[in-house]
Amino acid sequence: MPLEWSGLSPEVLLTLDRESPRPLRAQLEDQLRDAIRGGRLDVGERLPSSRELARRLGLSRGLVQDCYAQLRAEGYLTSRVGAATSVAAGACPPPAPRSAPVRPPRLTADFRTGVPDLGSFPLADWLWATREAARAMPTAALDYGDPRGSAHLREVLAGYQRRVRAAATDPERTIVCSGYAQGLALTLRALAAAGVRTLAHEDPGAPGMTAAAAAHAGLGVVPVPVDDEGLDVDALTATGARAVLVTPAHQWPTGVVMAARRRLALVEWAAAHDAYVIEDDYDAEFRYDDRDPVGAVQGLAADRVVAIGTVSKSLAPALRIGWLLCPPALAERVAAYKQVDDRGSPTLDQLALARLIESGRYDRHLRRMRSVYATRREALVAALAAHAPGVRLTGLAAGFHAVAHLPAGADEQTVIEAARTRGVGLYGMSANRAGHAPRPGRIVLGFGNLGERAIAEGIAAIGDLLA
């Protein structure tokens, strides 16, 4: 696709050998022909003006004009009065035939999990925050800066986490990262350097991603069961692990909220075993029940908990902005690894997020999205009541996914495959179990990026499969 230029002459790499017996004009013509034939210059691509190209190459303008005239005569170039010289249609070789990409069949409803409502991204607010941040940004902020992230954003995040998550925050130990994946990777490397050898994780949970991240850091993994009160701390103690990854606010994927006594037991375990808790504050912003809000475990033991937060669920995954609240013993090492990884996350995006939070527009967006997701949650409950009334639904207290319990003996994979033939995407709990056990059959239904109509139509199409 040709580049679009506005006023300025485009750059093109051409070299001349003044020691060669071949005339300079012939060399220039050959190079332009080769560039067009080889596809370096595409159809419609602008060439520099004769005056500019002559200046760059140290040639007379007349020589360049003669070269362009010759190539126009041969059909390689085209020009008209008042317009730039460009590559003519048909001058380039036709592109090699490419096989059409295989596209998956379009789904009526895709109950994919972990994706917020992408259409509700507050684009106008984000553009406003970016403009405001750029306008007020000092020139020094354009330098590499602190690998921990913008000091201003770290101050804002620390205040925000204290306010909404009851976290024990310190801007000096807050590190901005590129989303959850990098935050987890940095934390695991720091733990490995501190002598930790095994990472425990929730089962069910995210075994594939967790195992891959742990292996990259040189750690082994061990699953620990989750029940109706959250992670089984007694079972955790039996593993001998000195680090555990948990999602206490809204367990992924069961939706269980970790009970208060389990939270206290987890903190006591960490203190007694010189261990660390990695708290993934997964979609904690979105709660719908009447119970008191649940604070972060990090607020109970800031010296033993690494809290990972992101805007991937609250705003959009594509922003790739997250943060780590680090214990004193790990903060410097995590910052050093961040420096080695990428020297710091993009500063302008950090300042835009800080402005969004400071202005109150971030809170306003979250309030609106709670209402949106609550309405979709109700639509899911109503659709299942109408088309699969025997199916039990759990994990609805927060977030934007729920768990449908299939009848005893139902085969999870069979249900998923049959639903796909009806244009509905379903995802089983077995993928989230450490051993991928297919029973008991559970379907994890994400409704964050689905409208109410799609939810209703999707459940209507597969109600008999679930029941």
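Strands here are DSSP runs of E at least two residues long, helices are runs of H or I at least four residues long, and both are numbered from the N terminus. With that in hand, we can walk through this predicted model, starting from its sheet and ending with a few backbone details worth a look in your viewer.

**The sheet and its edges**

Eight strands make up an open sheet with mixed pairing, in the order β4-β11-β10-β9-β8-β5-β6-β7. Its edges are held by β4 (174-177) and β7, each of which has a single partner strand, so one side of each is left without a neighbour in the sheet. As general background, strands of a sheet pair through backbone hydrogen bonds, in either a parallel or an antiparallel sense.

The β5-β6-β7 end of the order offers an example of each sense. β5 and β6 run parallel and are joined by six bridges. Among the residue pairs, H201 stands opposite P223 in β6, and A200 has V222 of β6 as its bridge partner. The next step is antiparallel: β6 pairs with β7 (residues 230-231) over two bridges. There, D227 stands opposite G230 of β7, and the two strands form a hairpin with two residues between them.

**Helix α7 against the sheet**

How do β5 and β6 relate to α7? Together, β5, α7 and β6 make a β-α-β unit, and the unit is right-handed. Helix α7 covers residues 207-216, and its buried residues are P207, T210, A213 and A214. Viewed down the axis of α7, these buried residues fall within an arc of 140 degrees, so they line one face of the helix. The other side of α7 carries the exposed residues G208, A215 and H216.

What covers the buried residues of α7? The cover includes helix α6 (179-193) along with the strands β5 (198-203), β6 (220-227) and β8 (243-246). After α7 comes G218, whose phi is positive, near 85 degrees.

V221, a residue of β6, shows the packing of helix and strands at the level of one side chain. Setting aside neighbours within four places in sequence, V221 contacts T198, L199, H201, T210, A211 and A214. Two of these contacts, T210 and A214, are listed among the buried residues of α7. Is V221 itself buried or exposed? Its relative accessibility of 35% lies between the cut-offs of 20% and 50%, so V221 counts as partly exposed. The C-alpha atoms of V221 and A241 are 8.6 Å apart in space, while the two residues are 20 apart in sequence.

**Two nonpolar cores**

The largest nonpolar core contains 60 residues, and those with the most contacts inside it are F111, L380, L426, L445 and L466. Which helix gives the most to this core? Helix α12 (residues 361-387) does, with ten residues. L380 is in contact with F111, L393, A402, L445, F447, I455 and I459, leaving aside neighbours within four places in sequence. Apart from this core lies another one of 27 residues, including A192, I308, L324 and V334. In soluble globular proteins, nonpolar side chains generally tend to be buried together.

**Backbone details in the loops**

The peptide bond from D203 to P204 is cis, with omega near 5 degrees. P204 is in the loop between β5 and α7, a stretch that belongs to the right-handed unit described above. Another cis bond joins R439 and P440, with omega about 0 degrees. P440 sits in the loop between β14 (424-425) and β15 (442-446).

Two residues other than glycine have a positive phi, and the table sets them side by side.

| Residue | Phi | Loop between | Relative accessible area |
|---|---|---|---|
| D274 | about 50 degrees | α9 (260-272) and β9 (276-280) | 40%, partly exposed |
| R343 | near 65 degrees | α10 (328-342) and α11 (347-358) | 40%, partly exposed |

**An annotated span**

Finally, a note from the record: an unreviewed UniProt entry places the feature "domain: HTH gntR-type" at residues 22-90. In the model this span is 51% helix and 6% strand, and its end C-alpha atoms lie 28 Å apart.

Note on methods:
Residues are numbered from 1 along each chain as its sequence is written. This is a predicted model: local features need pLDDT of at least 70, side-chain atom pairs count only at pLDDT 80 or more; totals for chains, interfaces and linings use all residues. Side-chain values use heavy atoms; hydrogens and water are left out. Buried means under 20% relative accessible area, exposed over 50%, partly exposed in between (1.4 Å probe, protein chains only). The arc is that of the directions from the helix axis to the C-beta atoms. Contact means heavy atoms within 4.5 Å. UniProt positions are given in the numbering used here, feature names are shortened, and annotations may be inferred rather than shown by experiment. A nonpolar core is a set of buried Ala, Val, Leu, Ile, Met, Phe, Trp, Tyr and Cys residues joined through side-chain atoms within 4.5 Å. Two strands pair if DSSP finds at least two bridges between them. A crossover is right-handed if, with the strands pointing away from the viewer, the path from the first strand over the helix to the second runs clockwise.
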